[in-house]
Amino acid sequence: MSERLTNILGYLTLIAILAAIWVMFGEDPSREQGGRGEATFSGLETAINDAAAVRITSGDMSTFLNKVDGKWFVIQRDGYAADTEMVRDFLRGIALSERRQPKTDNKDRFHHLGLAETALDIKVLDGDDRPLAAFLMGERKDSANGRSLTYIFQESDTRSWLVTGLADASADPAWWLDHSLFTITESRFAEITYADITIERALGAQKYTIKDLQDGEKAQADWQLRDPARLLSELTFDDVRKVANPLAEPLQRVTAKTYDGLTLTLTLFEMEGGTWAQVAASYTPDEGEGGMLPDAPADGEGEATDIAESTYGWLFLLSDYDAGVLKRTRKDFLMEKTAE
């Protein structure tokens with residue numbers, strides 16, 4: 001075959017490939033679509049505040065989010081609180097989204113855009129279950145400037161689109177939970193007790209010590225003794241279950257007390273391949289060496305009541321790291337003895 005003929009065939013192959021890409025991802029001027037820069041969901045910007053429910057499904061997984069008195073809740077988690085700001089950001093992104101590029105109208109090629117089996121089927125409804133927006137959400141691409149581009153398809157359109165503004169989403173109910181249990185200033189903790197060891201810190205001291213350290217024992221470095229307090233100061237969780245009385249036997253119990261009278265008790269259970277925590281809180285006025293601290297809340301009893309009421313009847317799935325910290329035993333806080 002001559003070099004000239006080889007070049008011609010090469011050019012023809014390249015043209016065919018480019019044409020296929022154009023058909024798949026490019027614009028089709030024969031289609032009457034909203035143009036670039038137009039609102040992805042026409043009229044939604046003024047109606048988004050009417051949103052009262054969000055339904056997200058993908059395969060066998062579903063998440064139903066409902067709004068009550070301005071707050072959002074996850075139905076598949078027995079109405080546990082959703083991260084309201086996350087839901088609002090998601091809805092705001094839908095309302096402000098704009099069309100960037102028209103894409104393929106061939107549904108046989110939707111899998112290239114994440115709009116087939118893996119797509120999120122999203123419906124936003126008002127208080128009367130009327131749809132405000134309904135679309136398939138496919139692959140989403142974040143950029144360095146903080147803007148995102150996402151492939152979507154609406155049945156009201158004749159083709160898929162690449163649009164701006166959509167926040168990340170998931171059909172996993174646990175993804176939408178408010179994962180924060182409580183926030184307590186780390187310097188408030190006076191002592192933390194495990195089954196066989198108590199770690200304590202005198203009021204005003206910077207470092208923790210081990211209570212009743214025995215002859216021949218040497219405590220681990222201060223940062224390791226501080227691990228439980230750091231963890232408990234901003235305790236988070238990965239998932240939640242509504243269980244009044246777990247059938248499993250407790251694995252561990254950790255009690256933390258603050259200088260100003262707050263007591264937290266975490267009871268750990270091994271269930272479903274993970275470590276779950278049951279949380280209790282109480283308050284005893286003027287407990288400890290110095291009474292109320294400058295960074296303690298004015299209403300310590302109210303703080304304890306809020307924690308107790310928000311956690312009662314629930315089990316919280318801990319991350320592997322957090323569970324590891326709370327499952328430690330005495331030897332984990334001591335230096336290993338070396339042979340003389």
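Here is a short conversation about the predicted model shown above.

Visitor: What should I know about the model, and how many helices and strands are in the chain?
Guide: This is a predicted model, in which local features need pLDDT of at least 70 and side-chain atom pairs count only at pLDDT 80 or more, while totals for chains, interfaces and linings use all residues. Residues are numbered from 1 along each chain as its sequence is written, and side-chain values use heavy atoms, with hydrogens and water left out. Helices (H or I, at least four residues) and strands (E, at least two) are DSSP runs, numbered from the N terminus. In the chain there are 6 helices and 19 strands.

Visitor: What percentage of the residues of the chain count as buried?
Guide: Buried means under 20% relative accessible area, with exposed over 50% and partly exposed in between (1.4 Å probe, protein chains only). Of the 340 residues in the chain, the buried ones make up 42%.

Visitor: Which strands are at the edges of the open sheet of 9 strands?
Guide: Two strands pair if DSSP finds at least two bridges between them. The order is β4-β3-β2-β1-β6-β7-β8-β9-β5, with antiparallel pairing. Pairing on one side only are the edge strands β4 (80-81) and β5 (99-102).

Visitor: What angle does the direction of α2 make with that of β3?
Guide: α2 packs on this sheet, touching β1, β2, β3, β6 and β7; contact means heavy atoms within 4.5 Å. Axes are lines fitted to C-alpha atoms, for helices over the stretch in contact, and angles run from 0 to 180 degrees between N-to-C directions. For α2 and β3 the angle is about 105°.

Visitor: In β9, what is the bridge partner of Thr 150?
Guide: Thr 150 belongs to β8, where Arg 140 stands opposite it. Strand β8 is mostly covered, with 5 of its 6 residues buried. β8 pairs with β9 (residues 161-164) in the antiparallel sense over 4 bridges. There, the partner of Thr 150 is Val 163.

Visitor: Which helix gives the largest share of the largest nonpolar core?
Guide: A nonpolar core is a set of buried Ala, Val, Leu, Ile, Met, Phe, Trp, Tyr and Cys residues joined through side-chain atoms within 4.5 Å. The largest has 67 residues, and those with the most contacts inside it are Ile 94, Tyr 194, Leu 264 and Leu 326. Its largest share, 5 residues, comes from helix α2 (residues 84-96).

Visitor: Where is the bridge partner of Thr 255 in β17?
Guide: An open sheet of 8 strands runs β13-β12-β11-β16-β17-β18-β19-β15, and its pairing is antiparallel. Within it, β16 (residues 252-258) and β17 pair over 6 bridges. Thr 255 finds its partner in Thr 265.

Visitor: Why does the distance between the end C-alpha atoms of α5 agree with its 12 residues?
Guide: The expected span of a helix is 1.5 Å times one less than its number of residues. For α5 (residues 300-311) that should be 16 Å, which agrees with the distance between its end C-alpha atoms, 17 Å.

Visitor: What covers the buried residues of α5?
Guide: The buried residues of α5 are Gly 300, Gly 302, Glu 303, Ala 304, Ile 307 and Thr 311. Their cover includes β10 (180-183), β17 (262-271), β18 (274-283) and β19 (314-317).
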